[in-house]
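Hi,

Here is the structure I said I would pass on. Have a look at it below, and then read on for what turned up.

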Amino acid sequence: MLPAAPPFTDPDQATAFVRQFHREQPAASGPDARVRAVLDEIDRTGTYEHTPAELAYGAKLAWRNAARCIGRLYWRSLVVRDLRHLSAADDIAAECFEHLRLAGNGGRIRPVVSVFAPDRPGRPAARILNQQLVRYAGHPAPDGPGKITNGITGDPAGVQLAAHARDLGWKCAEERFEVLPLLIRERAGERPQWYELPDDTTLEVPLCHPEFDWFAELDLRWYAVPAISDMTLEIGGVRYPAAPFNGWYMGTEIGARNLADADRYDMLGTVAERLGLDTSSDRTLWRDRALIELNVAVLHSFQEAGVTIADHHTESERFLKHVAQEKRLGRPTPADWSWIVPPVSGGLTPVYHRYYDPVDPSLRPAFVAREPW
């Protein structure tokens, strides 16, 4: 006789999460009765349903366990939207738009996660195809005025999704900062549906510099809410493939990566030219000088617009405060050093000069990379 197929949801993961939930929640009763109920439900159906309290705490733990995130001090403040009753693409899109409105909060960015229907035995749930709820499109184009030098108008990271959206019927304007539509695949094998983001969901900040008036002529801007939407939230063996979540930006994410990387907007050469820097040799450190001014502009512009953003020095100090708090509670703080140390002036920040608890890829709850579907 062949052995029985394993249940859809791992009973050991479910048990471990329920016991952790009860251990860390002083108001919760003993876990034994809940563990028995969960295991019985898994035995009968292949999976189980989290209580609202379990879902909310599990999502917060996933943020606490995020080894690449420097902003975990505020994990308890995460706003968890329980939308597990929604599985249709139209409903998911509408609530993603509401997510952006709530998170944007007039510029006072709030950490939010919106959790839609989970995968169930024989019924994989809907997926959001976008990397983030807001992201700029990229379009192949010849070099020329208003174009960046790698032959892409807009964000090279948005080329593939923009092409997919065009194939589905999206009419694009091929602008440098053109917000991509939201693409949602309701069922495996189906064509995704696409949705234009309403204007009131996309808070953007035009960039200027506190000293150089010419900087505004570069016509740069960036969106305020970095809502990741291509990861699966795993809690106690249950997988939520549509669970977009956001914190707020650290300035270097925009100024040292999105706008500076050679395979993104690649703005360092342009900024250096306007600064009058000698770009004939790397030894002049022209990239370093241009990078600093680009980051000054990002922080200045967000502050002037009244939009939440963190600088890398302050956020580094906050992260070490989080590490100390977790240590007092007897908990490790797994961290990926290469992601925690900022990409600007890393050696000047306190997070640079130390080691961290090792990253455990099996640690759950967690936001994990989603398999192709």
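One bit of vocabulary before the pockets: Ala, Val, Leu, Ile, Met, Phe, Trp, Tyr, Cys and Pro count as nonpolar, Asp, Glu, Lys and Arg as charged, and the others, with Gly among them, as polar. By that scheme, the lining of the largest pocket splits into 30 nonpolar, nine polar and 11 charged residues. Please keep in mind that this is a predicted model.

Now to that pocket itself. The largest pocket holds about 1,800 Å³ of space. Its lining has 50 residues, and the ones closest to the centre are R68, C69, I228, E253 and W339. Which elements give two or more residues to this lining? They are the helices and strands α3 (52-64), β13 (245-246), α6 (251-258), α10 (337-340) and β14 (366-369). Several of these names come back further down.

The second largest pocket has a volume of about 440 Å³. It has 18 lining residues, with L129, N130, Q131, Q160 and L161 lying nearest the centre. Helix α5, residues 159-167, gives the most to this lining, with three residues. What is the mix of classes here? The lining of the second largest pocket has six nonpolar, six polar and six charged residues.

There is a cavity to look at as well. Searching the whole structure turns up one cavity of 30 Å³ or more. About 50 Å³ of space lies in the largest cavity. You can find it by its lining: L100, G104, V134, T201, T202, L203, Y223, A224 and V225. Sorted by class, that makes six nonpolar and three polar residues, with no charged ones.

On to the sheets. Four strands make an open sheet with mixed pairing, in the order β1-β2-β13-β10. The edges are β1 (79-82) and β10 (227-228); each has a single partner strand, so one side of each has no neighbour in the sheet. Helix α3 packs on this sheet, where it touches β1 and β2 (112-115), and its direction makes about 135 degrees with that of β1. Over at the other edge, β10 and β13 pair in the antiparallel sense over two bridges. If you want a spot to start from, try A227, whose bridge partner in β13 is N246.

A further open sheet has three strands in the order β12-β11-β14, and its pairing is antiparallel. Its edge strands, β12 (238-240) and β14, each pair on one side only. From one strand to the next, the twist averages 35 degrees. Strand β11, residues 231-235, pairs with β14 in the antiparallel sense over four bridges. Where does L233 find its bridge partner in β14? That partner is F367. Helix α3 turns up here too: it lies across β11, β12 and β14, running at about 120 degrees to β11.

So what does α3 do with helix α1? Helix α1 (residues 11-24) packs against α3 at an angle of about 90 degrees, and their axes are 11 Å apart. Angles of 65 to 115 degrees count as roughly perpendicular, which is why α1 is described as roughly perpendicular to α3. On the α1 side, the residues that meet α3 are F17, V18, Q20, F21 and E24, and they face A53, E54, Y57, G58, L61 and R64 in α3. By class, this contact is made up of six nonpolar, two polar and three charged residues.

Two details of the backbone are also worth a look. Which residues does a cis peptide bond join? They are R364 and P365, with omega at about 0 degrees. P365 sits in the loop between α10 and β14. The other detail is N105, which has a positive phi of about 50 degrees although it is not a glycine. You will find N105 in the loop between α4 (89-104) and β2.

If you only have a few minutes, I would follow α3 through the model. It is among the elements that line the largest pocket, it packs on the four-stranded sheet, it lies across β11, β12 and β14, and it packs with α1.

Cheers

Key: Residues numbered from 1 in each chain as written. Predicted model: local features only at pLDDT ≥ 70, side-chain atom pairs only at ≥ 80, totals over all residues. Heavy atoms only, no water. 1 Å grid on protein atoms, 1.4 Å probe; cavity = no way out; pocket = protein on both sides within 12 Å on 5 of 7 lines; lining within 4 Å. Points joined across faces, edges and corners; volume = space filled by probe spheres on them. Pairing = 2+ DSSP bridges. Contact = heavy atoms within 4.5 Å. Axes fitted to C-alpha atoms, helices over the stretch in contact; angles between N-to-C directions. Parallel < 35°, antiparallel > 145°, perpendicular 65-115°, else oblique.
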